[in-house]
Amino acid sequence: MAAVVGRITAIWRYPVKSMAGQRIADVGIGELGLHADRTWAVRDRASNATTSAKRLPGLLRCTARYAAPPPPDAGPGHAPEVIIGFPDGREVSSSEAHVHQLLSEYLDRDVELRPLPPIDDRDQYRGAMTTGTDIRSVFGLDDNEPLPDLSVFPVRKLAELSRYATPIGSYVDAYPVHILTEQSLRTIAGRSPGSDFDVRRFRPTILVDAADGPEDAGAPEFPEWAWCGGLLHAPDAELQPLIPTIRCVMPSHRQYDLEADREITRTIATHARRCLGVYATVARSGHLAEGDLLRLDPPRRSALASTAGAGARSLKRLLMRAGSAAIARAEDRRPAVESEVDRP
């Protein structure tokens with residue numbers, strides 16, 4: 001029988017990509033993630049691509065809430081009305097014509113608020129070419145620091161993100177669910193006592209109190225990493241943790257009531273291989289609620305999986321070399337004046 005590994009202590013939904021989330025007590029969950037998660041995003045008109053706080057950190061200081069409970073059909077092609085709040089207290093609805101002007105003035109960038117496109121409108125999900133300079137900016141790297149190792153991503157996901165700014169049917173960066181444990185937060189906070197590792201900086205889908213924490217003898221410091229490859233059973237849904245979540249510079253940015261702190265990103269890079277939390281997919285649609293116990297079918301290792309993994313690694317190396325070559329070509333063509341180009 002699957003063992004209990006934790007209990008859900010908080011759930012967040014994000015009506016607008018990169019803006020503050022809403023904590024909710026319970027919610028439906030399906031293949032694309034939480035019901036009505038990220039049905040809106042800001043689009044950069046210059047690059048004609050979906051953008052985020054990786055490029056426009058001011059988005060993190062905005063709030064977003066739905067004007068009414070999202071209807072059952074909320075999702076791709078059906079974005080409910082959302083109310084955006086600015087740091088100065090002003091609010092504007094997605095239904096108001098001047099919403100784009102207000103966002104552009106606040107961000108000092110020509111942008112517009114865009115609803116999540118229908119799944120069959122793939123062109124709206126496409127992104128612009130990412131350069132080495134872009135990657136360094138996204139991860140907060142100095143010129144002398146090495147680029148992050150993205151080989152943890154499966155081949156298929158790398159291929160998807162090389163073509164599209166976000167996965168088809170969603171405005172998430174990579175996967176529909178992000179799981180974070182309270183134990184991991186305490187572990188990383190202990191490495192930098194002067195920093196505020198508030199959970200909201202890391203924008204999880206669910207926060208979990210793991211059954212065993214780092215305060216217990218022999219317990220893992222980052223328990224959710226051990227769940228990757230297994231199956232998490234909630235009472236009315238199943239999640240499949242896949243890979244550790246690689247952290248960009250976003251958690252270090254100033255947010256609505258959290259100050260900017262570069263040590264946040266540096267600490268995670270130094271003490272946690274630049275990872276905190278795990279990405280997951282939805283294995284069985286259903287419902288999640290605060291207080292739900294999570295049981296784990298642990299990862300299964302087999303000779304077949306090892307063989308398949310070796311083949312995938314070979315293909316992944318080819319794909320990453322091709323991506324590096326594309327980045328190099330883009331650098332050669334890059335204009336003298338830098339422009340902001342978003343990537344997930």
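This text walks through a three-stranded sheet, the cysteines and one buried valine in a predicted model.

The sheet is open and has the strand order β6-β5-β10, with antiparallel pairing. Its edges are β6, residues 49-50, and β10, residues 111-115, each of which pairs on one side only. Strand β5 covers residues 40-44 and runs antiparallel to β6, to which two bridges join it. Across from Ala49 in β6 stands Asp44. Helix α1, residues 99-107, packs on this sheet and touches β5 and β10. The direction of the helix makes about 130 degrees with that of β10.

The cysteines come next. The model contains zero disulfides when a pair of sulfur atoms has to lie within 2.5 Å. Cys228 is in no disulfide, and the nearest cysteine sulfur, that of Cys275, is 9.3 Å away. Cys228 counts as buried because its relative accessible area is 11%, under the 20% cut-off. Cys248 has a relative accessible area of 10% and is therefore buried by that cut-off too.

The last stop is Val82, which lies in strand β8, residues 82-85. Val82 has a relative accessible area of 0%, so this residue is buried. Which residues does Val82 contact, leaving aside its neighbours within four places in sequence? They are Pro15, Val16, Trp40, Ala64, Arg65, Tyr66, Ala67, Val92, Ser93, Ser94 and Leu113. One of these contacts, Ala64, is 18 residues from Val82 along the chain, and the C-alpha atoms of the two are separated by 6.6 Å. Two other contacts of Val82 lead back to the sheet: Trp40 belongs to the range of β5, and Leu113 to that of β10.

Methods:
Residues are numbered from 1 along each chain as its sequence is written. This is a predicted model: local features need pLDDT of at least 70, side-chain atom pairs count only at pLDDT 80 or more; totals for chains, interfaces and linings use all residues. Side-chain values use heavy atoms; hydrogens and water are left out. Two strands pair if DSSP finds at least two bridges between them. Helices (H or I, at least four residues) and strands (E, at least two) are DSSP runs, numbered from the N terminus. Contact means heavy atoms within 4.5 Å. Axes are lines fitted to C-alpha atoms, for helices over the stretch in contact, and angles run from 0 to 180 degrees between N-to-C directions. Buried means under 20% relative accessible area, exposed over 50%, partly exposed in between (1.4 Å probe, protein chains only).
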